[in-house]
Amino acid sequence: MRKQIAPTWTLLALAISAFAIGSTEFISVGLMPLLVKSFGITVSQAGWTVSIYALGITIGAPLLTLLTGRFDRKTLMLGIMTLFVVSSLLAALAPTFAILLVARVLAAFAHGLFMSVASVIAADVVAPAKRASAIAVMFTSLTVATVTGVPLGTFIGQIASWHMSFLFISAIGVIGLIANSLLIPRNLPRPGKTDPRGLLRILLNPQLFVALLITALGYGGTFTVYTFLSPLLEEKMGWSAAAVVVILVVYGLMVAVGNTLGGRWANLQPLQALRKMFIGLALTLVALLATSSMHYLGLINVLVMGLFAFMNVPGLQLYIVKLAETYTPNDITLASSLNISAFNIGIALGSLIGGQVTAKLDLGITPLFGAVMVGVSIILVGWLLRQAASVADCTK
């Protein structure tokens, strides 16, 4: 008789994998100056390592989720982590910038599918009352990766080379792969085939479509700046490369605090909370525009931006689920997956805009364009609030 695997061990295996994947998403933010020097490219071109990764998740997450619904969960997870390890090794050994971008796309495919599959596995191995907490383990690991993995990868790149940073990520992926092979149970339930028509039902609903736009613009506005944070800190604010590593750690801690606060504030009234968060983020970006060349004031604004950067994530995810429960109750999981894609559309859009501004105008102006993106999301939140108020009046 096969010994049953305790849910805690399965969640640990998934958390290790999530840490590896979370570290690689933004690893190039800290490595940007090294990539520019190594490949002889511009800062704007180096920004593609972030934007193309986000595009890979955007396309890969819903598409691969639709195609793999009938696959065995454990076998699929092992395949995902194998792809991740191989793509990280390819990035580490990339002789040209083009091959590095190919490796980033492959890693993004693994990332997008991982979040979908890992969340289902986490929910399946625990009691129904603990499912939300189990899924939260995935997102906690991603946050921990932002706090520790990205600065550690940056530090390794500075003392050795950027190649070693990707080897470090690959090594963690191998540990995750081994842990998954040992600690994920076999014969877990398979979601089955997902109805592709659900995509149309979601995208053709005005409230859901606007909510997805809010996710892309409100979350993505930060990435006009964050993608180029290392060059901004070094070139415009005058911080040393060693100091940037420490700043990235503190920035990650601010992200973790903001994420926790945002989850609490958005529990009851997500839309009202989101509007306040977006207003705070927009004001911070405007202030950063004014202080982008200041040593200490600029740093303070960067850290405050970290506080607001991921604060909106829990509220955005909660609100899309609430809307789906109301308007498309058969497509709640797909709506959640599309919102993950919207987050990454925002990352790609913000990174691309920031890259163009850096190339054609100036690195210090990037916060202005981020503030504009967030400003549009504030207007759209106002529209949704008016729609909700109209529905409430009609039901009285």
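Domain 1 and domain 2 bury about 2,700 Å² between them, and 75% of that area is on carbon and sulfur atoms. I start there because the size of an interface is often given as the accessible area lost when the parts come together. Keep in mind that this is a predicted model.

Now the layout. The domain assignment puts residues 1–193 in domain 1 and residues 195–395 in domain 2. Taken over C-alpha atoms, the centres of domain 1 and domain 2 are 22 Å apart. Domain 1 brings 27 residues to the contact, and domain 2 brings 36.

Next, the polar side of the interface. How many salt bridges does the rule find across the interface of domain 1 and domain 2? Zero. For polar contact, there are five residue pairs across that interface, both residues of each at pLDDT 80 or more.

On the domain 1 side, the elements giving two or more residues to the surface that touches domain 2 are α2 (27–39), α3 (43–46), α4 (48–67) and α7 (131–159). Helix α4 has the largest share, with 10 residues. By residue class, that side of domain 1 divides into 16 nonpolar, nine polar and two charged.

Last, one single residue, Thr215. Thr215 sits in helix α10, which covers residues 206–220. Is Thr215 buried or exposed? Its relative accessible area is 0%, so Thr215 counts as buried, the cut-off being under 20%. Leaving out residues up to four places away in sequence, Thr215 touches Gly220, Leu316, Asn339, Ala342 and Phe343.

Terms used. Residues numbered from 1 in each chain as written. Predicted model: local features only at pLDDT ≥ 70, side-chain atom pairs only at ≥ 80, totals over all residues. Heavy atoms only, no water. Domains from an automatic or database assignment. Contact = heavy atoms within 4.5 Å. Buried area = accessible area lost by both parts, 1.4 Å probe. Salt bridge = Lys/Arg side-chain N within 4 Å of Asp/Glu carboxyl O. Polar contact = N/O pair within 3.5 Å; in protein donor to acceptor, adjacent residues only side chain to side chain. Helix = DSSP H or I, 4+ residues; strand = E, 2+ residues; numbered from the N terminus. Nonpolar A, V, L, I, M, F, W, Y, C, P; charged D, E, K, R; others polar. Buried < 20%, exposed > 50% of the residue type's maximum accessible area, 1.4 Å probe, protein only.
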